[in-house]
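User: I'd like to go through this model by question and answer. Please start with the ground rules.

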Amino acid sequence: MNNLFSTPIPDEVKTLLRTKLSAATAQAATAEQLAKQLQHWLNHYSQLYYQTANSPLPDTDYDYLFDLLNKIEHVFPDLRTPDSPTQRIGDGLSSNFATITHTIPMLSLDKAYSADDVVGFDTSLRKLLGESADEVSYTVEPKFDGSSIALLYENDILVRAATRGNGTQGEDITANVRTIPTIPLRVNLSQYGIVRAEIRGEIIIHKQRFDQLNAQLVAKQQNPLANPRNAAAGALRLKDASKVKERALEAFIYQLAAAFDADGNDILTQQCPQHYDNVLLLQQLGFRTPAAPNHNAFYQTDNIQAAIDFVEQWRQKRDDFDYEIDGMVIKLNQVALQERCGATAHHPRWAIAYKFDAKQARTILERVEFQVGRTGAITPVAKLRPVALAGVTVSSVSLHNEDFIRDKDLHIGDTVWVERAGDVIPYISEVDTDQPRGEQAVVFPQYCPSCQSQLYKPEDESAWRCTATDCPAQIEEHLIHFVAKEAMDIQGLGRDIVSRFFELGLLKTIEDIYRLDFNHLKTLDKFGEKSVENLRNSIEASKKQPLYRLIIGLGIRDVGKATAKMLAQTVEKDLPELQQWTVEKLQTLPDIGPKVAANIVQFFAQDNNLQLIDNLRALGVNTQQSEDAKRIERGILSGYSFLFTGSLQRFSREKAHELVEQHGGKLLGSVSKNLHYLVVGENAGSKLEKAQKIGTINILSEDEFLALLPQEE
Ligand SMILES: [Zn+2]
């Protein structure tokens, strides 16, 4: 494998790199030959790249060849075969994914949580096999935490890719899977006499890529993805295949599950008498497998203790691995023996997943509630039969979104495993398929559970939303948000009391908080003189809250504390003046992107929102930025501008910007006479030179910059 790295670029490829489109399309015969060559080499290099994370062909050369092929295929559409690398781009929208039936059911694996469980697995397996027990050996490989897929190849071409679904039937996601570079579109199976093959594996996301994706989502003010597994499952179901590519999905392939010759005979066992051979064959065919040379993730032994030791090694190093794994799979190596062991209704008897440290508990999914958030986003919440798990009682867990529900194939009444690893919030890890399944599938509603208006899902968001402005659930959540600790902080008006007042019709709008009839409240159950007095005081006190708290309370979408503070600072006289700000002007404020800016503009463009602010002012609520607040918030760096250059060692660039803003300073994008301070890290270049030339700019080291700030930083 390693000598591939040093392979020189063949002359044929060099010639291709000099080929121009005009020459290529001179005549159909030449074009066909060229297209074939290009397809071959592009497939070769992308495979090399994704198997070994390295390729001797520079990216620019790859792109050139790719572009050339794409153009030739455009001129001669017949040359665009399904295994052409250009078909990885994905085009067109698939509105619905067809249901397919798996050639062989995709069973889930039985689980072990301790070395004793694994020893028990070995003992019962040997008992089952009787005299053949002497032949037993095992393989060990990672249990990737992604989304399972089944690939069907016919005559060497990938013809279908499907999700696991309920194990018997899955969804056809071929168009999306084609975009995944680690999955070969053509595989030379025919050299082994295999005409039709079903191949199993896992779609995953690199940990770093997952973090990047989430950072991008957060920057775009969208909700981050729950975990890499959910991210992979969600991406596989994107309607627009070209968007799948952006998620940078990868695959690990771990089993040739079925292989048929031209006469339809199953020749799997004949080709691969052992699972070990099976994986090596896949690796050799060009799939990325646990046996990939750089991972040391595939192991064979005839000793169960050695298998357990290998798992322990991986338990130690899993955090350093590039992909999320939640355990290791131990499989009986001999396929003939596997067949003799067979399967229960739910699991093969010849394999076990040894799960890492997560704490587990099993309980019943009793029902699913669809909660409407303040911004209309619908969150499915599983209501569970209460169960003790790692020191807490769990009775309710988020199901995140529709993809999560489908990926788990949840039914009401299912027995589910709830997991909690470290400080992570408990979540449903999977359905216990050993128990009877619930009958009624969990179906995501099409209409808002509160106001019955039709739900809407913005493209590329995972959440469905109710967009009705008069949706009672949203209004109630809005009230709860307004009085919350981080907003107007009205003590004595918690979630339960707001809900009660809302149901009683005492609170219909935000203004109603300041119109409560306290004498009437005294007549309510559980409301004594004292508590009503306390409530009156805290409502009265809230009228004097600083402006930023009111801005948070108004619930402008994606406007959190930092943005609210910044907006408050820009208010000269009174809050409604913000309606004069355009999207462009708002974006000149630090950390306000186009989406937040648009949300702010939209908020202040609505008469009912301006009316709300006017009403609140009339009721005595502060809508102005006080002089004190202005002074405090102006900060120690107020009046000075800053720019950072070079590679910073003491803090990240984001942190540096945050510090400047936090202390009232201004950030500039380039060196000019208006700049007061240039802070230089290592290897500062042209900006430093320019600043020195201008001569009036203070040049600071990172430590000198820190020294400007108050001590507690
Ligand atoms: Zn609604």
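Analyst: Two strands pair if DSSP finds at least two bridges between them. Helices (H or I, at least four residues) and strands (E, at least two) are DSSP runs, numbered from the N terminus. This is a predicted model, so local features need pLDDT of at least 70 and side-chain atom pairs count only at pLDDT 80 or more, while totals for chains, interfaces and linings use all residues. Residues are numbered from 1 along each chain as its sequence is written.

User: How many helices and strands are there in the protein?

Analyst: Overall picture, then. The C-alpha trace spans about 85 × 75 × 50 Å along its principal axes. The DSSP runs in the protein come to 27 helices and 22 strands.

User: What percentage of the 713 residues count as buried?

Analyst: Burial goes by other C-beta atoms (placed from the backbone) within 10 Å of a residue's own: 20 or more is buried, 12 or fewer is exposed, and in between is partly exposed. Across the 713 residues of the protein, the buried share is 34%.

User: What share of the contacts with a separation of 6 or more comes from residues 24 or more positions apart?

Analyst: A contact means that two C-beta atoms, placed from the backbone, lie within 7 Å. With a separation of 6 or more, the share of contacts in the protein from residues 24 or more positions apart is 67%.

User: Which strands are the edges of the open sheet β14-β13-β12-β16-β17?

Analyst: Five strands make up this open sheet, and the pairing is antiparallel. An edge strand here pairs on one side only, which fits β14 (392-398) and β17 (427-431).

User: How far are neighbouring strands of this sheet turned against each other on average?

Analyst: Axes are lines fitted to C-alpha atoms (for helices, over the stretch in contact), and angles run from 0 to 180 degrees between N-to-C directions. With direction ignored, the average turn between neighbours in this sheet is 45°.

User: Which residue of β14 stands opposite Lys-383?

Analyst: Strand β13 (residues 378-389) runs antiparallel to β14, with six bridges joining them. Opposite Lys-383 in β14 you'll find Ser-396.

User: What is the bridge partner of Val-416 in β17?

Analyst: β17 is mostly covered, with four of its five residues buried. Strand β16 (residues 415-420) joins β17 through four bridges, and the two run antiparallel. Within β17, Val-416 has as its bridge partner Val-431.

User: Is His-400 buried or exposed?

Analyst: His-400 sits in the loop between β14 and α14 (402-408). Its phi is positive, about 65°, although His-400 is not a glycine. With 22 other C-beta atoms within 10 Å, His-400 is buried.

User: At about what angle to β3 does helix α12 run?

Analyst: Another open sheet has five strands in the order β2-β11-β10-β3-β9, with mixed pairing. Its edge strands, each pairing on one side only, are β2 (110-112) and β9 (299-301), and the twist averages 30° from one strand to the next. Helix α12 (residues 304-317) lies across β3, β9, β10 (325-332) and β11, and its angle to β3 is about 25°.

User: Which residue of β9 stands opposite Thr-139?

Analyst: β3 (residues 138-144) pairs with β9 over three bridges in the antiparallel sense. Facing Thr-139 in β9 is Gln-300.

User: How far apart in space are Thr-344 and Asp-110?

Analyst: Thr-344 belongs to the loop between α13 (335-341) and β11 (351-355). It counts as exposed because there are 11 other C-beta atoms within 10 Å. Thr-344 and Asp-110 are 234 residues apart in sequence, but their C-alpha to C-alpha distance is 9.9 Å.

User: Why is α19 called oblique to α20?

Analyst: Under 35 degrees counts as roughly parallel, over 145 as roughly antiparallel, 65 to 115 as roughly perpendicular and the rest as oblique. Helix α19 (residues 547-554) and helix α20 (residues 561-570) have axes 8 Å apart and pack at an angle of about 125°. That angle is why α19 counts, relative to α20, as oblique.

User: By class, which residues does the contact of α19 with α20 have?

Analyst: From α19 come Leu-547, Tyr-548, Ile-551 and Ile-552, and from α20 Lys-561, Ala-564, Lys-565, Leu-567 and Ala-568. Ala, Val, Leu, Ile, Met, Phe, Trp, Tyr, Cys and Pro count as nonpolar, Asp, Glu, Lys and Arg as charged, and the others, Gly among them, as polar. The tally for this contact is seven nonpolar, no polar and two charged residues.
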